[in-house]
Structures are given as structure tokens and as C-alpha cells.
Amino acid sequence: WVPGAFGRIACRSMAEAYPAEAEPKAKVKKPRPLPPPPPPALATAALLLRGAAARVLGVQPGPCGGELQPIWVTEPNCSKITMSLEGSTRDPFPKEDGHAALLLALEKETNQLAQNGGSIAVFEMEKADAEQRYGEAIYEPKSQRAERLRLAHLPGALLVEIPNNWTLCSSTQDCGRIEFLAKEVEAGSKKKPDTMIMAKKKQIFVKFSVEKGEAAAAEMAGEAPPAEVGKLLADNSVRVSVVGVDVPDEAKESTIKAAASSEAKEQVEEKEMVVDPWSVKGKIDYEKLIRDFGSTKISKELLERMRKLTVGSGRVSDLHCWLRRNIFFSHRELDAICGLQEKGKPFYLYTGRGPSSAAMHLGHLLPFMFTQWLQKAFNVPLVIQMTDDEKFLWKGEYDPEKGDNLHVYQRYTIENAKDIIACGFDKSKTFIFSDCDYVGHMYPNIVRVWKAITYNTAKGAFGFQGESNIGQSAFPAIQ
């Protein structure tokens, strides 16, 4: 006690005032609080959007993430989702001029999943059991991976972990139409769109709204799907062909053609027609085409002969409608094939496909549909050649620094083969192969063709020019 003018002051000793420094306690990291839950309609729409992204962009719905911005607080019925494009099987990923088509396809697929109806199954599992059954593809990047997980399963689209404080609608249709917002900005504006793809950063942002934002929450219920379902939903497969990216945008092409001046059209028609393996130009004179290619008109007598050999055998009920309607109007050695069939001598059919896109459209399928009929009608083997090497030589890319994109056409080969197989060929009598895989076995035949055909003959048939690469000149023998 120290006396003072204003009374006595309590003091402590130095040891008491400055005790020995205690060992610091280990900091306990508190779990990050969950963000505010979205309304049920927006939560349902977000899951539909992630499922659609998996199908359109070839990403895993879990690892691609689905972080929502709670803008519904200030903009009712709206949210913005951020997803990662890491691991996308769209390789190479479309350039910027194809992004609008991807977003349009994503919006369409999201609404298609919504309109399919049904409910999103929600169930809980122990973390160890879930990982053992489904793997780690159920998690988004920022998941806290609690010991007990809540999972959502949308059949055919996704199986992912969802926050414990989320509620969903009773049906995928309850949220109504899902609309993508702010896909464009005013000309001259430095602001970026709210809905856009940033390929370099491997991210996609989508601002969206739901038509029925007040849709009620439903009781969370559902059964855990089998392990095989979870693995299938996490395989990164592109399941939707995008118009303008995977297949030509026919409407856009028609608009461009319609905008051309009538004078330009007349000039095209006046030009001498060009028909080669890669293009058709000018006004087509079918009589001249038959003469130039050395083919012969399919006569009524030949059709009747075919009818006796095919319909008469009981293998088909009638001639193919494209023969009956004169859509296939000329041939080479079709009569010789009929002669072999009449004599009971064997022969095989041959056709092929140069894979130039991930999916085949109806025009590509026509010859395969007709070949399938021929195989059934004549009961003969079929060989289908996939010329991935050809498409790479004509359309592929090569850069001394970056290398080439041959792998793209090899991937197209696999996807196109699936479309071809779906035409219904007899699998016991059909052999389909890729040049890049199989050409080694065929090399002796290639050498024989090289020896038998002059360059002038090949140039006349294929229109080679001085700027044609040597691979293009050599390819006809391979085919």
C-alpha cells in the first residue's frame, strides 16, 4: 500500500505485474458459417444448372462447383452461380465465337431437365460410406467434408453434396422457366456481362432468374442410387451436341445465304459446277454429273432385278424408299453386285466417314442408313473406314510451337462410331476401324495403289493444286 494525497493505492509486485510468459494456446479453427440458404426455387434451379453443365460442357457436377451469390436479397428470384471448367472434356474448348452457342445450349438443357419433371432425391450418408460408394466427385472445391453428408441426386444429371441448410422444391418443374440474364453489355461499356465464359481462367458465370420464385419447399427425401450410377454421372462425358459448335448452325447459315445479293447468286449459278469429295458448287447438272463420273442411271430393269434378289429372298419387305423415289439415281457396278448375288459368289460392302465433328447430323447419316439396308438386303459383310487421318490433313491444325491437334479427330472418330453403330448394322458381319489405329496392317495394299495410279489421274479426280500438302496427295491411296 502506497499512501497518497488522495488515499491509498493498491500496487502489485513486479513478479505479479509481469508473470512469466505462458505457452500460447493452440488456436481452434472455427468452422466457417454456412452462407445464407437460397430460396427453394433458386436452390433447385442451381442444381439443374450444374447438371446441365455436366451434360453440355463435359465437367463433373461436383468438382465444377456451384457457388451462389445471394443477390436474391436485392433482386428477388435471381442468383448468380460460378462454376469451374477444369477437367472439361471439350478439348479443345471452343473459342470465344462459340461461347454464345454454348450458353444457349446450357440454358436450353437446364430447362429441359426442369421440364422432365420428377424430384431431386436428397439423402444423408456417413462421409466414409459416401466416399467409398461414389468417390470424391461428389464434393465441390470448397466443401468442408463433414462427417455426415447430405447428398442430392438428379437422375441422369448429377450426384453432389449440398449444404445442410438448403431446401428444394418438390418437383423440378416447380421453379418454372429458368432464364439466363445479362449475357451482353451495351456497346462501348467496359463492364463485363454477368453471364459469360472465361476460357482462359476456366470459369463460367451465369446470372439467372426463376419464373416461380415463391415455390414452396418440400420435405427432403429420397434413396441413395447404386455406386454405378454415381460413377456414370462423374465420367465427364459430353452428352449434348451444341448447334454452332458440334454441328453446323443451319439457321445461321441460311440467314447468311439469304443476305447474299441476287447478283452474287446468279454468278454462282453461272459458274461451272464443281463436285468433288469435299465440296459441291455451282448449278448442278445431273446428266453431266453422270457423264463426268462415269456412272450409269439406275434403270427400272435394274430395280426389278434387285427386288427379286432382296425382297424375293424375304430379307426385306420392299426396296428402299430412296431407290423407289429416285433419290439414289445412278450407280457404278450395281449390276455386277447383282450378278455376284445371283451366282452365289461372296462380296462385301465398303463405306466410311471422315470425322469432322463430335456428332453426326442427318446428312452424314443418310449413306449409312442406306448401307444398313443394303447389308440386310444382300446379307453380306461390311467394312467401315474411319478416316481420322484424312480430316486431320485437310482440317487439322499444326503449329511449330504448340504442336498439332490430331487427338481431336481421333476423339471424333470414337464419337462418330457410336452414331454409326446406332444405325443398326449386323454386328457379326461389320468391321469398323480407324486409319490411325489400323493403317499399319494395310500398308502393302497402299503401296500397290500408289504404284497403279498416276498423279495426273489423282489430280484430275481430286483437284490437287500446288498449295496442297503432300499428305493430301498421298491420301487417296490410303482410302
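**Exercise 1. Find what surrounds Ser357, starting from one polar atom pair.**

Here's the starting clue: a polar atom of the Ser357 side chain sits 3.4 Å from the backbone oxygen of Asp246. Keep in mind that this is a predicted model.

Step 1. Place the residue. Ser357 belongs to the loop between E15 and H12.

Step 2. Is Ser357 buried or exposed? Its relative accessible area is 10%, and the cut-off for buried is under 20%, so Ser357 counts as buried.

Step 3. List the partners. Skipping neighbours within four places in sequence, Ser357 contacts Asp246, His364, Tyr412 and Asn416.

Step 4. Follow two of those partners. Tyr412 and Asn416 are both among the buried residues of H14, which takes us to the next exercise.

**Exercise 2. Check the length of helix H14 and work out what covers its buried residues.**

Step 1. Take the residue count. H14 runs over residues 406-421, which makes 16 residues.

Step 2. Compare the spans. At 1.5 Å a residue, H14 should span 22 Å, and its end C-alpha atoms are 23 Å apart, so the two agree.

Step 3. Pick out the buried residues. These are Val408, Tyr409, Tyr412, Thr413, Asn416, Ala417 and Ile420.

Step 4. Think about the spacing. An α-helix has 3.6 residues a turn, so residues three or four places apart point the same way. Now go back to the list from Step 3 with that in mind.

Step 5. Which elements help cover these buried residues? The cover includes three strands, E15 (349-353), E16 (382-386) and E19 (430-434), along with the helices H12 (362-378) and H13 (388-395).

**Exercise 3. Compare Arg145 and Glu147, two residues of one loop.**

Step 1. Locate them. Arg145 is in the loop between H4 and E6. Glu147 is there too, with H4 covering 127-134 and E6 covering 148-154.

Step 2. Sort them by accessibility. Arg145 has 30% relative accessibility and counts as partly exposed. Glu147 has a relative accessible area of 58%, and since exposed means over 50%, Glu147 is exposed.

Step 3. Look up the contacts, leaving out residues up to four places away in sequence. Arg145 touches Lys127, Glu131, Glu136 and Tyr139. Glu147 touches Met125, Glu126 and Lys127. Lys127 turns up for Arg145 and for Glu147.

Step 4. Which side chain makes a polar contact with the side chain of Arg145? That's Glu136, at 3.2 Å.

Step 5. Set sequence against space, C-alpha to C-alpha. Arg145 and Glu161 are 16 residues apart in sequence and 8.9 Å apart in space. For Glu147 and Ala128, the figures are 19 residues and 7.7 Å.

**Exercise 4. Describe the largest cavity and its lining.**

Step 1. Count. There is 1 cavity of 30 Å³ or more in the structure.

Step 2. Get the volume. The largest cavity comes to about 60 Å³.

Step 3. Which residues line the largest cavity? They are Pro61, Gly62, Tyr134, Ala137, Ile138, Leu159, Gly230, Leu233 and Ala234.

Step 4. Sort the lining by character. It divides into 7 nonpolar and 2 polar residues, with no charged ones. Watch the glycines here: Gly counts as polar in this scheme.

**Exercise 5. Hunt for unusual backbone geometry.**

Step 1. Look for a cis peptide bond. The bond from Asp91 to Pro92 is cis, with omega near 0°. Pro92 lies in the loop between strand E4 (78-84) and helix H3 (99-115).

Step 2. Look for positive phi outside glycine. Asn326 has phi near 65°, and Asn379 has a phi of about 55°.

Step 3. Place both. Asn326 is in the loop between helix H10 (321-324) and strand E14 (330-331), while Asn379 is in the loop between H12 and E16.

Step 4. Check accessibility. Asn326 is partly exposed at 47%, and Asn379 is partly exposed at 40%.

**Exercise 6. Inspect helix H17, then step back to the chain.**

Step 1. Find the cap. Asn469 caps the N-terminal end of H17, with a side-chain oxygen 2.8 Å from the backbone nitrogen of Gln472.

Step 2. Check Gln472 itself. Gln472 is one of the buried residues of H17 (residues 470-478), next to Gly471, Phe475 and Ala477 in that list.

Step 3. Zoom out. The chain has 17 helices and 19 strands, and 38% of its 479 residues are buried.

Notes
Residues are numbered from 1 along each chain as its sequence is written. This is a predicted model: local features need pLDDT of at least 70, side-chain atom pairs count only at pLDDT 80 or more; totals for chains, interfaces and linings use all residues. Side-chain values use heavy atoms; hydrogens and water are left out. On a 1 Å grid over the protein atoms alone, a cavity is a set of points where a 1.4 Å probe fits but cannot get out, and a pocket is an open set with protein on both sides within 12 Å along at least five of seven lines; lining residues have an atom within 4 Å of a point. Grid points are joined across faces, edges and corners, and a volume is the space filled by probe spheres set on the points. Buried means under 20% relative accessible area, exposed over 50%, partly exposed in between (1.4 Å probe, protein chains only). Helices (H or I, at least four residues) and strands (E, at least two) are DSSP runs, numbered from the N terminus. A polar contact is a pair of N or O atoms within 3.5 Å; within protein, one must be able to donate a hydrogen and the other to accept it, and residues adjacent in sequence count only if both atoms are side-chain atoms. The expected span of a helix is 1.5 Å times one less than its number of residues. Contact means heavy atoms within 4.5 Å.
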